[in-house]
Every structure is written in C-alpha cells, then in structure tokens.
Amino acid sequence: MKAMKMTVAAMAVAAAIGGAYSFGHLQALPSAQAAGSVTSAAPATPAVIAAPAALPDMRSIIAANAPAVVNISITGTRKTAATLPQLDPDDPLYQFFRRFGGQMPQESTPTRGQGSGFIVGADGTILTNAHVVEEASEVTVKLNDKREFKARVLGADKASDVAVLKIDAKNLPTVRVGTSLQTQVGEWVLAIGSPFGFESSASAGIVSAKSRTLPDGSYVPFIQTDVAVNPGNSGGPLFNMNGEVIGINSQIYSRSGGYQGLSFAIPIEVAMNVEHQIISTGKVQRGKLGVSIQEVNQALADSFGLAKPAGALVSSVEKGSPAAKAGLEPGDVILGVDGKTLNSAGDLPATVALKKPGESTRLQIWRKGGTHDIDVKIGSFNEEKLASAETPSADKGRLGVAVRPLTPDEKRQAEVNGGLLIEQAGGAAARAGIRPGDIILSVNGQPIDSVDQLRGIIAKSGKKAAILLERGNARLFVPVDLG
C-alpha cells in the first residue's frame, strides 16, 4: 500500500464525547402527577423507540468474490550506488567519476514485495497497482484455491497506478465490474485483499468523499473511504453492496506507514480504461487541454461575479495547446465539460484525461460576468508505451532490453541531449540490475542516440559492456555480462 506521509507539522483532530450511545430516538418520560391529586390517570403509553437500521450483511459478497481476489508477490533486484570515493583531485579517476555524477554501482540487492489483485478476465487477466510490480523481475500470483502461477506484466501505467497482469489459466472466477459514478458518500463499501500477507482478508467501511485530488500530482479522482487497508492491500478491489467492483485500493494517508483512517481507491472506470488500452494497443493515451488551473474559493468567486465557488480557474494557457487554439484565456473559469458540471478544479484533469485525443469537447466557461460555450479539439499527452510487440528492441539476445528514443519533454526533464528510455528489461540487462525507466546514455564510452546505434555497439562488444545510465537524479555505470 502506497503511504503518503502527512506534511503538516501538527494536525489535531480530536473530539471529546461524553455519555452513552443508544439506537433510535430518545423520548422524554411523562411527567409525574401533581402531589395530592386523587384522580387516577390512564395508564401511560410506553415510549416508542425506533428500531435501528439493519447493518448490511456482507457474507454473500465475500463468498462470491473472494475466489477472484489474488495475492501477488514479487521478487527483484535493486542496484545501489556508492558516493564518490576519496581520490586525489589530480587523479584521472577523480575527474572521471566526478563527470558522471560521482556514482558507481555496488552489488544488486534482492527485493521482495506483496500486494493484491483481482481477476477481470476468465482467461487470466488481472488488475493491480502499478507500484506493486514496479521493481519486479518475477511476479507470482496465488489464487484463493492455493494454486500459483507466474504472471506476465502486460503493462504498468504509473500515471494512474494501474497495472495489467496475465497468467496462463482458463475458466477462472472473475469479479463483476460496476461503476463508481453512482456511488454516494455514506454508502457501505467492502475491501478484500492481503494486508501484511494475510490472504483473503475483508474489511468494511463507508465512502468518505469522492473526486479527491491528492498531492502526488495524479489526475485520478480518488474515492476516499474509511475502510481499513494496509500494506499488502494495494491493488485489491473495493466492492459496493451489490457485489460490484467500484475501485482499486491504492493509497493511504499515514504518519506511521499503516492505516490511520484514510484510504483512497482508483475509480474502476479509470482502471478499465487503462486496461482496455494496454491490451488493445500496448500504450495509454490521455487527453490534453493545455491549461494550468486553480481552485475557485469564495474570494475569487466574489471577484469574478460567480454565484458560488465552483469550477476551475484558468491561471495560464500553454502556447500552441488545444486550449490556446480554442481561445481560452487566463481568468476564464471552466464550469463544465460537455454539460457535466465541475464542482471543483480537481474534476477537470480527470475528465479531460479520459477524453480521446482528437475528440471534440464543449467547455462551459465564465468570462467577464457571463457564460459562454467553447469547442475544443482535445490534444494528446506524449504516448506512454507500456508493452507492445512493435517496441524497438536492442538485440534482445545479448542485452535483453526494449527501448525507445526520449521525447523532447523527457530530454528536458532529464537534462540530457540524447539517450534511450528502457521500457522492458530482461536477460543480461535485468541480471545486472537494469530496469524499466532507466535511460541509457552511453555504452563503452560511446554516447547513444538511436536504437540502431545501440544495437550496433552491443553487437561489436565482447563479453562485457559498461553502460552509463541515468536513474532518477543519479548517473551510474553498470557492467553487463553479455556472455
């Protein structure tokens, strides 16, 4: 379970509650007769206490769906890097290591992890969280009936934190996929998963809020619940009381790393959209508008003449973007998309992301005291290739990686002029600790700019190759045994 630490220095949320609890309504007892009265009173009518509402019986939901919930365990390796050794500044090795970030590889460290998932296809298609399988070199799926299978990761989309796995099995039990759109705050929900490795554990609670925007920058409109979820629940299903999956348990807010009353699930619509794209095309496309937005508070609503705080205030418009071409301006307030009202700014990214690139969309905006409709042709974020048979490969027989050139935005973010992004890693590369997301900058001292160049250099290499990688903010050389 991905836990996000609270950044507030001190947050006190306390309530002092006294007295006893009781179900139903309390009714005052009849007052006593006045002293000295000789008139007999009619028998007092007993106070009527309303019966408590029946709690939902979740036994049938658990019995029907537990067989389709799986335990996922992963093994992998993590390459650690040491800091620059103490060398004389005049030593050529000092300049060499300094030039490449002062990092050098150490031995690979084994990693293990666990999570949950659920079967959406009887042919062995499984959904889970992307962060569950992020550093996996081997993924094992354990079914409720104790059978185990090695799983292939068909694709893992970090932006939505959704991954699609496949196991070689048939006629498997599946969950019923529902919709979160009609789910209301206060409804009962149920989670099934493997917290701390305890398989097929169930916990229940209510929906606390919808369309939550979290500070991780994700476009996902999370479902907030008070269901107890813990490490190991990641990727497990969230059910409504009809026994339908409405979300994937993904994150918690916690100071300790464990459950503290706030859990967040990815709406099933987002997950199934990702699953469909990965299976059909091997990549995920998202709609792009090209604006920076902020929440509309009461003060801003008053300033712009809005009746109430709502919508998304456009603070800037990206040059050449679909929004710019459509005539959106800073200061516009987007109130709706295709007739659907935006109650908060956080609703806009999720709504636009689900649009298909090239799709025509009508925005309802507030500008200079009046409402207007603007038609926008949705653009596309850079395609994120996840798994595709057409992915260029750099001699899989020797190095074992699938790579692609970096986009201009990726080069700018990584502060590099060339390089190749690793999308899949196996064989010699995986054994050396190379993993998806690494950027190959050079091989044997030769800068890499194209797939063909990489293939040619690897073909001419001997039994070993020294590969310079960029990983996060660090650069490191990895020696690869090509055999």
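Is Asn129 buried or exposed? In this predicted model, Asn129 is buried, with a relative accessible area of 0%. Its place is the loop between S4 and S5. From there, the side chain of Asn129 reaches the backbone nitrogen of Gly235 at a distance of 2.8 Å. Leaving out residues up to four places away in sequence, Asn129 touches Asp161, Ala163, Ser234, Gly235, Ile248, Asn249, Ser250 and Ile266.

Two of these neighbours lead to a site named in a database record. The unreviewed UniProt entry lists His131, Asp161 and Ser234 under "active site". These residues span 104 residues in sequence, yet no two of their C-alpha atoms are more than 10.2 Å apart, so they gather at one spot. His131 is located in the loop between strand S4 (125-128) and strand S5 (138-142), whereas Ser234 belongs to the loop between strand S11 (222-225) and strand S12 (237-239). The side chains of Ser234 and His131 are joined by a polar contact of 3.0 Å. Ser234 is buried, its relative accessible area being 1%.

Another neighbour of Asn129, Ile266, leads to the nonpolar interior. In soluble globular proteins, nonpolar side chains tend to be buried together. The largest nonpolar core here has 28 residues, and Phe118, Leu127, Phe239 and Ile266 have the most contacts inside it. Two or more residues of this core come from each of strand S7 (162-166), strand S9 (188-193), strand S13 (244-253), strand S14 (263-267) and helix H3 (268-281). H3 gives the most, with five residues. Apart from neighbours within four places in sequence, Ile266 is in contact with Asn129, Ser160, Asp161, Val162, Val220, Phe222, Ile246, Gly247, Ile248 and Ser250. Asp161, listed in the UniProt entry under "active site", is thus among the contacts of Ile266.

A second, separate core has 23 residues, including Ala428, Ile448, Ile458 and Val480. Ile458 directs attention to helix H9 (residues 451-460), in which Val451, Leu454, Ile457 and Ile458 are buried. These four cover an arc of only 130° around the axis, which puts them on the same side of H9. The face turned away from that buried side carries the exposed residues Asp452, Ala459 and Lys460. At the N-terminal end of H9, Ser450 acts as a cap: one of its side-chain oxygens lies 3.1 Å from the backbone nitrogen of Gln453.

Note on methods
Residues numbered from 1 in each chain as written. Predicted model: local features only at pLDDT ≥ 70, side-chain atom pairs only at ≥ 80, totals over all residues. Heavy atoms only, no water. Buried < 20%, exposed > 50% of the residue type's maximum accessible area, 1.4 Å probe, protein only. Arc of directions from axis to C-beta. Polar contact = N/O pair within 3.5 Å; in protein donor to acceptor, adjacent residues only side chain to side chain. UniProt positions renumbered as here; feature names shortened; annotations may be inferred. Contact = heavy atoms within 4.5 Å. Core = buried A, V, L, I, M, F, W, Y, C linked by side-chain atoms within 4.5 Å.
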